[in-house]
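Student: I am new to this structure and would like a close look at a single part of it. Could you take one helix and follow its surroundings outward, step by step?

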Amino acid sequence: MDFLPVELEAYVTAHTRPESELLKKLNRETYAKVLMPRMLSGHLQGQVLRMLSLMIKPRAILEIGTYTGYSALCLAEGLRDGGKLITMDINEELAPMAQRYFAESPYSSRIDYRVGNAVEIIPTLEGPFDLVFIDADKVNYPAYFEMVMKLVPSGGFIIADNVLWSGKVLDNGGKTDPDTEAIKQFNDLVSNDERVENVLFTIRDGLMVVRKK
């Protein structure tokens, strides 16, 4: 995930809006208590998501992959008055922690947190969602993309995390794994889809930003 030199990444972070006290606390607790804490969006990416949400001003956000709730809290800051964010995760063990931080935030009444399989939950949603953030199991990225395209209106956005997959997307000759193949398939799918326009940002592990035409 670390593509920039440490010093340059520190400079970028130092010149980015600081985390709120709640996000700092969530960041610390995730690293102290949760397995694979690098899955957390973190300071820089969290502020990027916040800024994109503020720019889009969504009435409704769908997040696939809650983890400990950091990205949901960042995205919720851009919601319009009366807006809602639905976030879902299959990991029941992390639910109490995420719910605790949602309850401490100013957005507790606007976040609808659901535990379960996204492949089963998404078809039950009505939409429309002005902004969708995909950051869950990588093998289902292509499926998630097709599923949420039906729920995103013209002019709506889909953002997908980990699309560089620690640089493994460049490994064309070596042995690959299902996650890497799914990410590569997703990137190709988006890039060749005439229904959308897209840009891949080299932020952290890669953010694919997609706009539905």
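Tutor: What follows looks closely at helix α7 and then moves outward to the parts around it. Please keep in mind that this is a predicted model.

Helix α7 covers residues 141–149, and a good first step is to ask how much of it is hidden. A residue counts as buried when its relative accessible area is under 20%, and 7 of the 9 residues of α7 are buried, so the helix is largely enclosed by the rest of the structure. The buried residues are Tyr141, Pro142, Tyr144, Phe145, Met147, Val148 and Met149.

What encloses this helix? One part of the answer is the sheet, on which α7 packs, touching β1 (60–64), β4, β5, β6 and β7 (207–212). The sheet itself is open and is made of 7 strands, which follow one another in the order β3-β2-β1-β4-β5-β7-β6 with mixed pairing. Its edge strands are β3 (111–115) and β6 (196–201), each of which pairs on one side only, and from one strand to the next the twist averages 15 degrees.

Two of the strands touched by the helix also pair with one another: β4 (residues 131–134) and β5 (residues 157–161) run in the parallel sense and are joined over 4 bridges. Within this pair, Leu131 stands opposite Phe157 in β5. The direction of α7 makes about 165 degrees with that of β5. Another helix, α5 (residues 95–104), lies across β2 (84–89) and β3, and runs at about 175 degrees to β3.

Another part of the surroundings of α7 is helix α8 (residues 178–191). Two packed helices are described by the angle between their axes and the distance between the axes. For α7 and α8, the axes come within 8 Å and cross at roughly 35 degrees. On the α7 side, the contact is made by Tyr141, Pro142, Phe145 and Glu146, which meet Ala182, Ile183, Gln185, Phe186, Leu189 and Val190 in α8. Sorted by class, the residues of this contact comprise 8 nonpolar, 1 polar and 1 charged. Of the α7 residues named here, Tyr141, Pro142 and Phe145 also appear among the buried ones.

Following the chain onward from α7, one comes to the loop between α7 and β5, where Val152 lies. With a relative accessible area of 2%, Val152 is buried, because that value falls under 20%. Leaving aside its neighbours within four places in sequence, Val152 is in contact with Phe129, Val132, Phe157, Ile158 and Lys212. One of these contacts, Phe157, is the β5 residue that Leu131 stands opposite.

Lastly, it is worth turning to the empty space in the model. Rolling a probe the size of a water molecule over the atoms shows where empty space is left. The largest pocket holds about 760 Å³ of space and is lined by 33 residues, of which Met39, Tyr67, Asp135, Ala136 and Asp137 lie nearest its centre. By class, its lining has 15 nonpolar, 8 polar and 10 charged residues. The structure also holds 1 cavity of 30 Å³ or more, and the volume of the largest cavity is about 40 Å³. Among the residues that line this cavity are Met39, Tyr67 and Asp135, and its lining divides into 4 nonpolar, 6 polar and 1 charged.

Key
Residues are numbered from 1 along each chain as its sequence is written. This is a predicted model: local features need pLDDT of at least 70, side-chain atom pairs count only at pLDDT 80 or more; totals for chains, interfaces and linings use all residues. Side-chain values use heavy atoms; hydrogens and water are left out. Two strands pair if DSSP finds at least two bridges between them. Axes are lines fitted to C-alpha atoms, for helices over the stretch in contact, and angles run from 0 to 180 degrees between N-to-C directions. Contact means heavy atoms within 4.5 Å. On a 1 Å grid over the protein atoms alone, a cavity is a set of points where a 1.4 Å probe fits but cannot get out, and a pocket is an open set with protein on both sides within 12 Å along at least five of seven lines; lining residues have an atom within 4 Å of a point. Grid points are joined across faces, edges and corners, and a volume is the space filled by probe spheres set on the points. Ala, Val, Leu, Ile, Met, Phe, Trp, Tyr, Cys and Pro count as nonpolar, Asp, Glu, Lys and Arg as charged, and the others, Gly among them, as polar. Buried means under 20% relative accessible area, exposed over 50%, partly exposed in between (1.4 Å probe, protein chains only).
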